[in-house]
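Colleague: Could you take me through one part of this model slowly? I'd like a close look at the ligand site, and then whatever else you think deserves a comment.

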Amino acid sequence: MDIHMKKIITYGTFDLFHEGHHNLLKRARALGDYLIVGVTTEYYDLQRGKLNVVDPVLKRVENVRKTGLADEIIIEDHEGQKPEDIQKLGVDIFAIGSDWAGAFDYLEQYCKVVYLERTPRISSSVLRESRYPILQLGVVGSGRIAPRFLAEAKMVSGINVRAVYNPNEESAAAFGQAHKLEAYSGSFHDLLQHVDAIYIASPHETHHLYAKQALEEGRHVLCEKPLTFTVKEARELYALAEEKDVVLMEGIKTAYCPGFMQMMNVAKSGIIGQVRDVEACFSRITAPAMREMRDEQYGGAFLEFGSYTLLPIFKLLGCGYEDVTFQTIQAPNGIDLYTKLHFRFKEGLALSKTGVGVKSEGQLVIGGTNGYILAPSPWWLTRSFEVRFEDPGRIERYSPKFLGDGLRYEIAYFVSKINGDARMSYCLTQEESIAMAGVVERFMEERRKEQR
Ligand code: C2G
């Protein structure tokens, strides 16, 4: 290569490649002799809060390549990479669209920075919206979690929370008005007429029926945990979703957080050897007036937090445990204040601890034959974890980014499942979700026996 060649670099996601991208690349290329284009990975886009990217990275790279404008294509996968690339590749000019004006001035210490005029009226978001009409969603239940869902849904493109349902119409009206929703209803059937999808955030025992009715009418369903209390019901719902070709997702938000996914993949990568033990704890001292403490049938620690603790256990050791035993400390009204589950798998052991009236250290420890992973509380939001070894001096620290209260990842995943071709979730598989229903079923059987 000619040593005096003027090199330009630009970066982007280039989702649903369009004319605006093409113009930008053309203008950037015209600034010199050699154009390098950095295309972002899905992971990096998630980290920087860009949710709902449709095309996979290889397709986006291919689309940039097809323009014939890029002399070199690189992958951008982390914050702080731009100065590295600029120095390593000997770049003269950093170019980017004018929507970023000012944001990259700090790169002037390494090269010239140019903001190129953005092509008006075209963007990936506009294309996404024309390709996929905005998903109209109804919230079922207007309790504690519903307002958080609304706030997080605003951070995800392609979805509009249109309506709310509460069997108590006054509560529905109050919630609908407070959050400026287009509609509210005291009739579930009526809600379904207004929406394409529902988010079920009503009391546990109502999940199955609402999910079933919505699926039967061809609506997509995102259901708070626990999805059902029995394996049979869980299977029935997933079969129904398949039959109707709609998405059914259990809303265990941890499953969809990028940091949690990374931790599971690091655990399975072999770095700690073979995973042999998983210990997960989630406890919160809960006020006596709360539903968890008062509801004798469906309250208690395990039904509240068990989905979180079971998640890493099933992800890492599989769903085929050989044995599970339950130990609980009960309140006088019969709810479990604290519950320990001991699992035995062919290849390992696991412990789940959940509490509403006993506090313990809320950590996740994944033990392997070569080392272990320690994720401190709140590991279910996975903002950090460490890989540790026999040698106490050797510690690898991970601090994945985590935005808001995390629900946005679950919502974004739900929207992309609905818009994409694959209906099934890999973040939380059907098998895992059904296995969890199986543990809930066993737990409730034991509790009934004890209450008799
Ligand atoms: N662009 C444009 N005109 C449009 C749309 C986009 O000129 N109508 C430009 C953007 O300004 C950007 C490039 O096309 O320079 C890629 O845009 P995106 O795919 O949206 O990527 P972006 O999120 O801007 O990534 O590290 C990534 C970079 O910071 C930018």
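**The ligand shell and beyond**

Modeller: Sure, let's start with who is there: by class, the shell around the ligand has seven nonpolar, eight polar and six charged residues. Keep in mind that this is a predicted model. The ligand is surrounded by 21 residues, and the closest of them are Phe14, Lys50, Glu76, Asp99 and Ile122.

Where do those residues come from? Strand S1 (7–12), helix H1 (19–29) and strand S4 (93–97) each bring at least two residues to the shell. H1 gives the largest share, with three residues.

Now for the polar atoms. Ile122 uses its backbone here: one of its backbone N or O atoms is 2.5 Å from a nitrogen atom of the ligand. With Asp99 it's the side chain, where a polar atom sits 2.6 Å from an oxygen atom of the ligand. His21 also has a side-chain N or O atom to look at, at 3.4 Å from a ligand oxygen. As for cover, the ligand on its own has 620 Å² of accessible area, and the protein covers 95% of that.

Away from the ligand, I'd go next to the parallel strands, with S6 (residues 135–140) as a handy starting point. S6 runs parallel to S7 (residues 159–165), and six bridges join the two. If you want to find that pairing on screen, look for Leu135, which stands opposite Ile159 in S7. Helix H6 (residues 145–153) goes with these two strands, and S6, H6 and S7 together form a right-handed β-α-β unit. S7 itself is mostly covered, with five of its seven residues buried.

From S7 you can carry on to strand S8 (residues 183–185), which is parallel to S7 and joined to it by three bridges. Tyr165 is a good marker there, since its bridge partner in S8 is Ser185. To get from S7 to S8 the chain passes through helix H7 (residues 169–178), in a β-α-β crossover that is again right-handed.

Back at S6, there's another neighbour to follow. Four bridges link S6 to strand S9 (residues 197–200), and these two run parallel as well. Here Val140 is the residue to pick out, as it stands opposite Ile200 in S9. The side chains of S9 split nicely: Ala197 and Tyr199 point one way, Ile198 and Ile200 point the other way, and all of them are buried. S9 then pairs in parallel with strand S10 (residues 220–224) through four bridges. In that pairing, Tyr199 has Leu222 of S10 as its bridge partner. Helix H9 (residues 207–216) completes the picture, and S9, H9 and S10 make a right-handed β-α-β unit.

Further along the chain, have a look at helix H11 (residues 258–268). Its buried residues are Pro258, Gly259, Phe260, Met263, Met264, Val266 and Ala267. Just after H11 comes Gly270, with a positive phi of about 100°.

I'd also stop at a few single residues. Thr286 belongs to the loop between strand S12 (275–283) and helix H12 (291–294). Its relative accessible area is 9%, so Thr286 counts as buried, the cut-off being under 20%. A polar atom of the Thr286 side chain lies 2.8 Å from the backbone oxygen of Arg284.

Thr309 is another threonine to check, this one in helix H13 (residues 301–317). Thr309 is classed as buried because its relative accessibility is 0%. Its side chain has a partner too: Thr309 and Ser352 are joined through their side chains by a polar contact of 3.0 Å.

Last stop, Gly368, which you'll find in strand S16 (residues 364–368). With a relative accessible area of 24%, Gly368 is partly exposed, because that value falls between the 20% and 50% cut-offs. Gly348 is 20 residues away from Gly368 along the chain, and their C-alpha atoms are 9.5 Å apart.

Technical notes. Residues are numbered from 1 along each chain as its sequence is written. This is a predicted model: local features need pLDDT of at least 70, side-chain atom pairs count only at pLDDT 80 or more; totals for chains, interfaces and linings use all residues. Side-chain values use heavy atoms; hydrogens and water are left out. Buried means under 20% relative accessible area, exposed over 50%, partly exposed in between (1.4 Å probe, protein chains only). Two strands pair if DSSP finds at least two bridges between them. A crossover is right-handed if, with the strands pointing away from the viewer, the path from the first strand over the helix to the second runs clockwise. A residue is near a molecule or strand if one of its heavy atoms lies within 4 Å of it. A polar contact is a pair of N or O atoms within 3.5 Å; within protein, one must be able to donate a hydrogen and the other to accept it, and residues adjacent in sequence count only if both atoms are side-chain atoms. Accessible areas come from the Shrake-Rupley method with a 1.4 Å probe; for residues, only the protein chains shown count as cover. Ala, Val, Leu, Ile, Met, Phe, Trp, Tyr, Cys and Pro count as nonpolar, Asp, Glu, Lys and Arg as charged, and the others, Gly among them, as polar.
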